[in-house]
Amino acid sequence: MKALPFLFLFLFVIFSAGSAADLRDSGCGHHVKWDNVDFDLEDGAIVFTHTPGQRESVKFTEDQELFVNHERVKLNRQQRKLVGEFYEQSRALIGEAKRIGWEGAKLGSEGAKVGLQAVAGILDVIFTEYDSDDLEDEMERKAEVIEKKAEKLEARADKLEEKADNLEELRQELKEEIPELHDLDWF
């Protein structure tokens, strides 16, 4: 699996998972299928499954265990550490991506609300002594607030992209360090 599809797979999770809650104890597997790879969060584990033909899988558990094709892989201390890091960074990335997604949706809702207020303000300008300059000033103030929030959200998204790049590097290191992952060209 290449770096860019790997990033998109994780970012797609934000839009498919459905809640901003921590996924660790959700118990309700979240499932995404992308580019012949299924991605599941189930029972505290992260599972990647290659779907065409034989169903190869890679499973990371919160206990720093790795399963390849349902077989537990014996890991040395360094490999366990890498598996644990991959698991924790994946969970953190998914959680932050979901929070950013929800905050972006809320921000969009705020923007729509300002738009409706502008329409109502036009009616005030027509039917009351409310001045169009006053309406323009009010809408500009509200738009500035939203723009500042959007800039902060964009900065968080930029940091998220950096975290995804770090996770991709960690995935590559896992493939190099754990022989059972070497031949899985899809992971």
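His-70 is exposed in the predicted model, with a relative accessible area of 66%, and its place is in the loop between β5 and β6. The phi angle of His-70 is near 70°, a positive value in a residue other than glycine. Asn-69 is found in that loop between β5 and β6 as well, and Asn-69 likewise has a positive phi, of about 50°, although it is not a glycine. With a relative accessibility of 32%, Asn-69 counts as partly exposed. As a point of reference, most residues other than glycine have a negative phi.

The chain as a whole contains 4 helices and 6 strands, which follow one another along the sequence in the pattern α-β-β-β-β-β-β-α-α-α. Of the 187 residues in the chain, 37% are buried. Among the contacts between residues at least 6 apart in sequence, 55% join residues at least 24 apart.

Confidence in the prediction is uneven along the chain. The average pLDDT of the chain is 83, and 81% of the residues score at least 70. The lowest confidence is found in helix α1 (residues 3-17), with a mean of 45, whereas strand β5 (residues 66-68) has the highest, at 97. Over residues 1-29 the pLDDT is below 50, and this stretch nevertheless has 62 contacts in the model beyond near neighbours in sequence. Where pLDDT is low, the predicted coordinates should not be read in detail.

Helix α3 comprises 46 residues (residues 132-177), for which a span of 68 Å is expected at 1.5 Å a residue; the end C-alpha atoms of α3 are 66 Å apart, which agrees with that expectation. The N-terminal end of α3 is capped by Asp-131, of which a side-chain oxygen lies 2.6 Å from the backbone nitrogen of Asp-133. The buried residues of α3 include Leu-135, Met-139, Ile-146, Leu-153 and Leu-160, and also the charged-type side chains Glu-168, Arg-171 and Lys-175. In an α-helix there are 3.6 residues a turn, so residues three or four places apart point the same way.

A search of the whole structure for aromatic pairs finds 7 of them. In one, the rings of Trp-186 and Phe-187 have their centres 6.2 Å apart and their planes at 75°, so the pair is edge-to-face. Both partners are buried: Trp-186 has a relative accessibility of 6%, and Phe-187 has a relative accessibility of 1%. Ring pairs further link Phe-48, Phe-60, Phe-86, Trp-186 and Phe-187 into a cluster. Arg-171, one of the buried residues of α3, lies over the face of Phe-187, at 5.8 Å from the ring centre. A further placement of this kind involves Lys-59, which lies over the face of Phe-67 at 5.6 Å from the ring centre.

Trp-186 also takes part in the surroundings of Thr-49, a residue found in strand β3 (residues 45-50). Leaving aside residues up to four places away in sequence, Thr-49 touches Asn-36, Val-37, Asp-38, Arg-55, Glu-56, Ser-57 and Trp-186. Thr-49 counts as buried, at 8% relative accessibility.

Methods: Residues are numbered from 1 along each chain as its sequence is written. This is a predicted model: local features need pLDDT of at least 70, side-chain atom pairs count only at pLDDT 80 or more; totals for chains, interfaces and linings use all residues. Side-chain values use heavy atoms; hydrogens and water are left out. Helices (H or I, at least four residues) and strands (E, at least two) are DSSP runs, numbered from the N terminus. Buried means under 20% relative accessible area, exposed over 50%, partly exposed in between (1.4 Å probe, protein chains only). Contact means heavy atoms within 4.5 Å. pLDDT is the predictor's confidence in each residue, from 0 to 100. Rings of Phe, Tyr and Trp (its six-membered ring) pair if their centres lie within 6.5 Å; planes under 30 degrees apart count as stacked, over 60 as edge-to-face and the rest as tilted. A charge sits over a ring if NZ of Lys or CZ of Arg is within 6 Å of the ring centre and within 35 degrees of the ring normal. The expected span of a helix is 1.5 Å times one less than its number of residues. A polar contact is a pair of N or O atoms within 3.5 Å; within protein, one must be able to donate a hydrogen and the other to accept it, and residues adjacent in sequence count only if both atoms are side-chain atoms.
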